[in-house]
Amino acid sequence: MTFDGDDDDGRAVLRPRLILGSASPRRRELLAQIGVVPDGVFPADIDETPFKAELARPYCARVTLAKAAAVQRAAGEVALVADTTVAMGRRILGKPEDEKEAAAFLLALSGRRHRVVTCVAVVSDKGVRHRVVESQVRMKRLSDAEVNGYLASGDWRGKAGGYAIQGPAGTFIPWISGSYSSIMGLPLAETAVLLRDAGYPVEGGWS
Ligand SMILES: Cc1cn([C@H]2C[C@H](O)[C@@H](COP(=O)(O)OP(=O)(O)OP(=O)(O)O)O2)c(=O)[nH]c1=O
């Protein structure tokens with residue numbers, strides 16, 4: 001347990017140590033938005049290759065649970081891992097290997113709707129609990145200048161589907177249905193519930 005200051009009535013707040021098993025700076029930013037700062041960041045290194053004909057939801061849950069199984073956590077600590085997957089129909093669009101693949105992804109997404117699936121898992125002494133959140137995103141039809149400009153920005157690097165809604169590609173997204181934070185990498189409502197259930201206090205738990 002870690003001392004986390006006093007609550008409004010002057011009582012000491014104790015919370016378990018939190019390990020973030022993710023290299024994603026977006027996930028750290030989103031956790032900070034709800035007042036959660038991990039005590040350690042240890043990304044789990046796992047093979048993220050989809051199985052043949054694997055669909056996005058089961059793929060995303062499988063990869064997240066593999067990250068949960070690989071994360072380094074001591075007894076009493078809480079660990080959080082997640083995975084974000086972009087899907088068009090039955091096709092999974094991962095993180096582009098290079099600019100050419102990023103261009104192919106953007107051209108496939110241009111003028112169409114796609115799905116963004118994020119799975120978050122929290123590991124504690126109680127075991128592993130996870131939630132899968134699916135959102136829909138419409139990307140406007142992109143001009144060559146927009147595709148080329150975005151590719152040159154490099155913002156697509158390390159992003160599932162080759163774009164990030166929270167960056168300049170936000171100008172490509174006129175409509176979403178679902179959870180903005182989940183599209184960005186971590187569904188905050190579900191994450192807060194999982195953390196609280198694991199005994200980790202989260203802002204917004206006023207009820
Ligand atoms: C669709 C989309 C994805 N992303 C990012 C979130 C994730 O960082 C990344 C998807 O890759 P992930 O494999 O989910 O995460 P990661 O490789 O960055 O980190 P780790 O595996 O260690 O947890 O894409 C955005 O930032 N914005 C978006 O709009």
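A residue counts as buried here if 20 or more other C-beta atoms lie within 10 Å of its own. Keep that in mind as you look at the whole chain: 35% of its 207 residues count as buried. One more thing before you start clicking: this is a predicted model.

**Stop 1: the whole chain**

Switch to a cartoon view. You should find six helices and nine strands in the chain. The radius of gyration is 18 Å, close to the 17 Å that the globule rule gives for 207 residues, so the chain is as compact as a globular protein of that length. Turn the C-alpha trace around and you'll see that it spans about 60 × 35 × 25 Å along its principal axes. How do contacts link up parts of the sequence? Take those between residues at least 6 apart in sequence: 67% of them join residues at least 24 apart.

**Stop 2: D83**

Select residues 78–88, which make up strand β5, and pick out D83 within that strand. The unreviewed UniProt entry annotates D83 as "active site". Is D83 buried or exposed? D83 has 26 C-beta neighbours inside 10 Å, so it counts as buried. Now show its contacts, skipping residues up to four places away in sequence: D83 touches C60, V63, T64, K67, T118 and C119.

**Stop 3: around the ligand**

Stay with β5 for a moment and bring up the ligand. The shell around the ligand has 21 residues, and the closest are S22, S24, A164, I165 and G185. Which strand gives the largest share of that shell? That's β5, with four residues. Select α5 (180–184) too, as both β5 and α5 supply at least two residues of the shell.

**Stop 4: a hairpin and its next partner**

From D83, hop across to its contact C119. Across from C119 you'll find V132, in strand β8. Select residues 113–124 for β7 and 127–138 for β8: these strands run antiparallel and are joined by twelve bridges. Together they form a hairpin, with two residues between the strands. Next, add β9 (residues 175–177), which pairs with β8 in the antiparallel sense over three bridges. To see one of the partnerships, click Q136, whose bridge partner in β9 is S177.

**Stop 5: R112**

Go to the loop between α3 (99–109) and β7, where R112 lies. R112 has 13 other C-beta atoms within 10 Å; exposed would need 12 or fewer, so R112 is partly exposed. Apart from neighbours within four places in sequence, R112 is in contact with M88 and M139. Try the distance tool from R112 to L31, C-alpha to C-alpha: they are 30 Å apart in space and 81 residues apart in sequence.

**Stop 6: the nonpolar core**

Nonpolar side chains tend to be buried together in soluble globular proteins. In this chain, the largest nonpolar core has 51 residues. Which residues have the most contacts inside the core? Select V122 and L195. Then look around L195: beyond its neighbours within four places in sequence, L195 is in contact with V36, V78, V122, Y200 and V202.

**Last stop: helix α4**

Finish at residues 144–153, helix α4, which is hardly covered: one of its ten residues is buried. Just after α4, click G154 and check its backbone angles: G154 takes a positive phi of about 75°.

Notes. Residues are numbered from 1 along each chain as its sequence is written. This is a predicted model: local features need pLDDT of at least 70, side-chain atom pairs count only at pLDDT 80 or more; totals for chains, interfaces and linings use all residues. UniProt positions are given in the numbering used here, feature names are shortened, and annotations may be inferred rather than shown by experiment. Two residues are in contact if their C-beta atoms, placed from the backbone, lie within 7 Å. Two strands pair if DSSP finds at least two bridges between them. The radius of gyration is taken over C-alpha atoms; the globule rule is 2.2 Å times the number of residues to the power 0.38. A nonpolar core is a set of buried Ala, Val, Leu, Ile, Met, Phe, Trp, Tyr and Cys residues joined through C-beta atoms within 7 Å. A residue is near a molecule or strand if its C-beta atom, placed from the backbone, lies within 6 Å of it.
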